[in-house]
Amino acid sequence: MLRIISLNLNGIRSAWRKGAANWLAAQDADFIALQELKAQAHDLDESMRQPEGYSACYAYAEKKGYSGVGLWCRHKPLAIQTGTGNPAFDAEGRYVRADFSDYSIISLYVPSGSASAERQTAKFCFLDHFYDHIASLRKERREIVLCGDWNIAHQEIDLKNWKSNQKNSGFLPQERAWFSRILNDLGWVDVYRRLYPEAGESAYTWWSNRGRAWEKNVGWRIDYQIATPELAARARSASVYKAERFSDHAPLLIDYALNNCATANKKLPLEV
């Protein structure tokens with residue numbers, strides 16, 4: 001079985017102080033996709049730069065203490081790509097891709113628009129650009145999974161207070177329609193929702209730090225693993241880990257019926 005974990009850290013140094021490193025090490029995951037590092041290369045200690053048993057790659061934001069994504073891989077990738085070709089967003093460290101002979105894993109951090117009208121405009125610009133990019137990924141005819149914080153709750157079931165959030169960033173009609181186009185028009189699959197179509201409160205991955213949201217489980221599902229159809233069909237189980245809290249996000253774990261033979265096989269290696 002191949003395990004992929006996605007986690008928005010809300011600061012890697014903060015999450016490490018809260019025990020995230022030990023928990024991640026104990027999961028025996030094949031891939032760990034990290035978002036919102038809030039750090040540059042010189043801020044990382046050795047356990048972050050070279051985690052035991054993994055090949056690590058990062059895309060840092062130019063702005064200090066902001067954004068940034070990473071990928072930890074059990075096997076060394078054949079190729080690594082940072083950014084999607086848009087200089088403004090690439091400078092924010094929002095995308096890193098690791099390629100293997102039979103599939104690719106991507107760590108993604110979509111902008112939030114909640115801070116201001118200007119940031120919401122920037123988010124819409126990112127969505128426009130990224131739609132074209134994710135469409136081009138489908139044309140590659142290879143298996144891909146995009147892990148990360150998409151900053152969009154797709155459906156009403158994906159957040160607690162959907163009625164009162166219809167005019168708020170993360171649940172705007174335009175954002176939700178964009179997400180639907182990713183799935184319906186381009187053929188990507190929301191892996192967790194495929195496994196658990198009716199999961200509600202147990203599926204939340206983010207909670208505001210205000211109003212005792214965590215304690216009351218007033219959450220949002222905004223962290224996803226979005227995959228190509230064949231890879232999504234291999235998913236066997238998924239969970240959101242909530243026994244400990246490392247960030248304002250919870251880790252999303254999905255297990256796929258695959259052997260991690262990523263550097264050797266020409267076809268997806270089915271586990272039997």
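**Exercise 1. Strand β14**

Which residues point one way from β14, and which the other way? Work on the predicted model.

*Solution.* Start with the directions. Leu252, Ile254 and Tyr256 point one way from β14. Leu253 and Asp255 point the other way. In general, side chains of a regular strand alternate between the two faces of the sheet. Next, check burial. Of the 5 residues in β14, 5 are buried, so the strand counts as mostly covered.

Now find the partners. Strand β1 (residues 2–8) runs antiparallel to β14 (residues 252–256), and 5 bridges join them. Within this pair, Leu2 stands opposite Tyr256, and Ile5 has Leu253 as its bridge partner. Strand β13 is also antiparallel to β14, again through 5 bridges. Here Ala238 is the bridge partner of Ile254.

**Exercise 2. The open sheet**

State the strand order of the open sheet of 6 strands, then say which strands stand at its edges.

*Solution.* The order is β3-β4-β2-β1-β14-β13. Pairing in this sheet is mixed. The edges are β3 (55–59) and β13 (235–240). Each has a single partner strand, so one side of each lacks a neighbour in the sheet. From one strand to the next, the twist averages 15°.

**Exercise 3. Ile105 and the cores**

Trace the contacts of Ile105, then place this residue in a nonpolar core.

*Solution.* Begin with pairing. Strands β7 and β8 are parallel over 7 bridges. In β8, Val145 is the bridge partner of Ile105. β8 is mostly covered, with 7 of its 7 residues buried.

Then list the contacts. Beyond its neighbours within four places in sequence, Ile105 contacts Ile4, Phe31, Leu71, Val96, Arg97, Ala98, Val145 and Cys147.

Last, the core. The largest nonpolar core has 36 residues. Those with the most contacts inside it are Ile4, Phe31, Leu71, Ile105, Val145 and Tyr256. A second, separate core has 24 residues, among them Leu137, Leu146, Ile152 and Trp188.

**Exercise 4. Helix α5**

Compare the span of α5 with the expected one, and find what its buried residues pack against.

*Solution.* Take the span first. Helix α5 (residues 117–138) has 22 residues. From first C-alpha to last it reaches 32 Å, close to the 32 Å expected at 1.5 Å a residue.

Turn to burial. The buried residues of α5 include Phe126, Leu127, Phe130, Tyr131, Ile134 and Leu137. Polar names appear too, including Gln120, Lys123, His129 and His133.

Finish with the packing. The buried residues of α5 pack against the strands β5 (79–82), β6 (95–99), β7 (103–109) and β8 (143–149). They also pack against the helices α4 (87–90) and α6 (173–184).

**Exercise 5. Asn10**

Locate Asn10 and decide whether Asn10 is buried, partly exposed or exposed.

*Solution.* Asn10 lies in the loop between β1 and α1 (12–17). Its relative accessibility is 22%. Buried requires under 20% and exposed over 50%, so Asn10 counts as partly exposed. Leaving out residues up to four places away in sequence, Asn10 touches Gln35, Glu36, Lys38, Ser247 and Asp248. Ala25 is 15 residues from Asn10 in sequence and 19 Å away in space, C-alpha to C-alpha.

**Exercise 6. Confidence**

Give the average pLDDT of the protein and the score over residues 262–266.

*Solution.* The average pLDDT is 94, and 95% of the residues score at least 70. Over residues 262–266 the pLDDT is below 50. In the model this stretch has 12 contacts beyond near neighbours in sequence.

Key
Residues are numbered from 1 along each chain as its sequence is written. This is a predicted model: local features need pLDDT of at least 70, side-chain atom pairs count only at pLDDT 80 or more; totals for chains, interfaces and linings use all residues. Side-chain values use heavy atoms; hydrogens and water are left out. A nonpolar core is a set of buried Ala, Val, Leu, Ile, Met, Phe, Trp, Tyr and Cys residues joined through side-chain atoms within 4.5 Å. Buried means under 20% relative accessible area, exposed over 50%, partly exposed in between (1.4 Å probe, protein chains only). Contact means heavy atoms within 4.5 Å. Two strands pair if DSSP finds at least two bridges between them. Helices (H or I, at least four residues) and strands (E, at least two) are DSSP runs, numbered from the N terminus. Axes are lines fitted to C-alpha atoms, for helices over the stretch in contact, and angles run from 0 to 180 degrees between N-to-C directions. pLDDT is the predictor's confidence in each residue, from 0 to 100. The expected span of a helix is 1.5 Å times one less than its number of residues.
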